[in-house]
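Reader: I am new to this structure and would like a careful, close look at a single part of it, with each term explained as it comes up.

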Amino acid sequence: MVSARPLVNKGLIKRVGSGNSISVWEDPWIPASCPRPATGHGAISTLIFGEDVPIILGIPTSRTGKPDSMGWFFTKSGRYTVKSGYVLAQQILDEANPIKYGPDIRARLQSRGLQIDPQCVRCGMAPETVNHMLFECPPALQVWALSPIPTALDHFPTGGLFTNIAHLFWNLPNDERMGMYPWLLWFIWKARNDKVFSNDDSDPNDIINHAASEAVAWRTAQERQEVTLVWRGIRLSYLPEVKSVRLMDHGKPQIPERV
Ligand SMILES: [Zn+2]
């Protein structure tokens, strides 16, 4: 019973009768999603926040001077039931631990009627599609702008995922530094996950540095130098297999070591 007290407190509402006993700023009298005091500051006549005004105007007041009373907000009768308490507890848990969905998934679930916020967690300005996450979200856009990959208004990045990927595949200048774009995509995705799962904000310069060093490591691992041996007067040339490669952050070799 003691452990249920905070939950019960969340669902208790002070029902307005005459209104005489209600403290506007302290009692849970506003029937919002959970009963609460009014939000605002200072004098009630001028400074109650706009969102509360229609709710307050919708509360009937007693003409007969009926006293204010306490009740349970989540049942029509005003009496607490285990079922309504359970529903509220579940709702509070869901709000404290929102399920983390990937890009596009939240928008799709919402279109099927689920109560899910499809907005991007990093900027809150647009639904989080794959294109938004990789190319249009301000932190991602900043990475592309600071990277050696040329960006141009109306050309790259655009609102089309396939246009952007096609541009990276086919249109980049023939420059060694352009090879870092797959790593930029990868580290932008990692930065998005760090924000969603750990609330960590990544520095765009760090993302570019990580991408650049992985790109160099990858290129180095691909280079095999021809070895020439002279054996019984015969010249033999061969390409040795790559034996040592740098380990990535997740601890797995980029390509399997061969003996
Ligand atoms: Zn965003």
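Within what distance do the axes of α9 and α10 come, and at roughly what angle do they cross?

Author: The model is a predicted one, in which local features need pLDDT of at least 70 and side-chain atom pairs count only at pLDDT 80 or more, while totals for chains, interfaces and linings use all residues. Residues are numbered from 1 along each chain as its sequence is written.

The axes of α9 and α10 come within 9 Å and cross at roughly 140°; such axes are lines fitted to C-alpha atoms, for helices over the stretch in contact, and the angles run from 0 to 180 degrees between N-to-C directions. The two helices α9 and α10 are therefore oblique to each other, given that angles under 35 degrees count as roughly parallel, over 145 as roughly antiparallel, 65 to 115 as roughly perpendicular and the rest as oblique. Their crossing is right-handed, a word used when the near helix is turned clockwise from the far one by less than a right angle, with left-handed used when the turn is anticlockwise. On the α9 side, Trp183, Leu184, Phe187, Ile188 and Ala191 meet Ile207, His210, Ala211, Glu214 and Ala215 of α10, where two residues are in contact if their C-beta atoms, placed from the backbone, lie within 7 Å.

To place this pair in the whole, the protein chain has 10 helices and 4 strands, these being DSSP runs numbered from the N terminus (helices are H or I with at least four residues, strands are E with at least two). Along the sequence their order is α-β-α-α-β-α-α-α-α-α-α-α-β-β. Of the contacts in the protein chain with a separation of 6 or more, 46% are between residues 24 or more positions apart. Of its 259 residues, 17% count as buried; a residue is buried if 20 or more other C-beta atoms lie within 10 Å of its own, exposed if 12 or fewer, and partly exposed in between.

The α9 and α10 pair also takes part in the largest nonpolar core, a term for a set of buried Ala, Val, Leu, Ile, Met, Phe, Trp, Tyr and Cys residues joined through C-beta atoms within 7 Å. This core has 19 residues, of which Ala140, Val143, Leu184, Phe187, Ile188, Ile207 and Ala211 touch the most other members. The elements that give two or more residues to it are α6 (130-136), α7 (138-146), α9 (181-198) and α10 (204-222), and α9 gives the most, with 6 residues. Isoleucine 188 is in contact with Leu134, Ala140, Val143 and Ile207, once its neighbours within four places in sequence are left aside.

Two of those partners lead to α7, in which Ala140, Val143 and Trp144 are buried. These three residues cover an arc of only 95° around the axis, which puts them on the same side of α7; the arc is that of the directions from the helix axis to the C-beta atoms. In general, an α-helix has 3.6 residues a turn, so residues three or four places apart point the same way. On the other side of α7, Pro138 and Ala145 are exposed, whereas the buried residues of this helix pack against α6, α9 and α10.

The meeting of α7 with α10 can be described in the same terms as the first pair. Their axes come within 9 Å and cross at roughly 55°, and that makes α7 oblique to α10. Here too the crossing is right-handed, and Pro139, Gln142, Val143 and Leu146 in α7 meet Pro204, Asn205, Ile207 and Ile208 in α10.

Between the two helices you asked about there is a loop, and asparagine 199 has its place in it. Although asparagine 199 is not a glycine, it has a positive phi of about 60°. Most residues other than glycine have a negative phi, and most peptide bonds are trans. Asparagine 199 is exposed, with 8 other C-beta atoms within 10 Å. The loop between α7 and α8 holds proline 157, and the peptide bond to this proline from phenylalanine 156 is cis, with omega near -10°.
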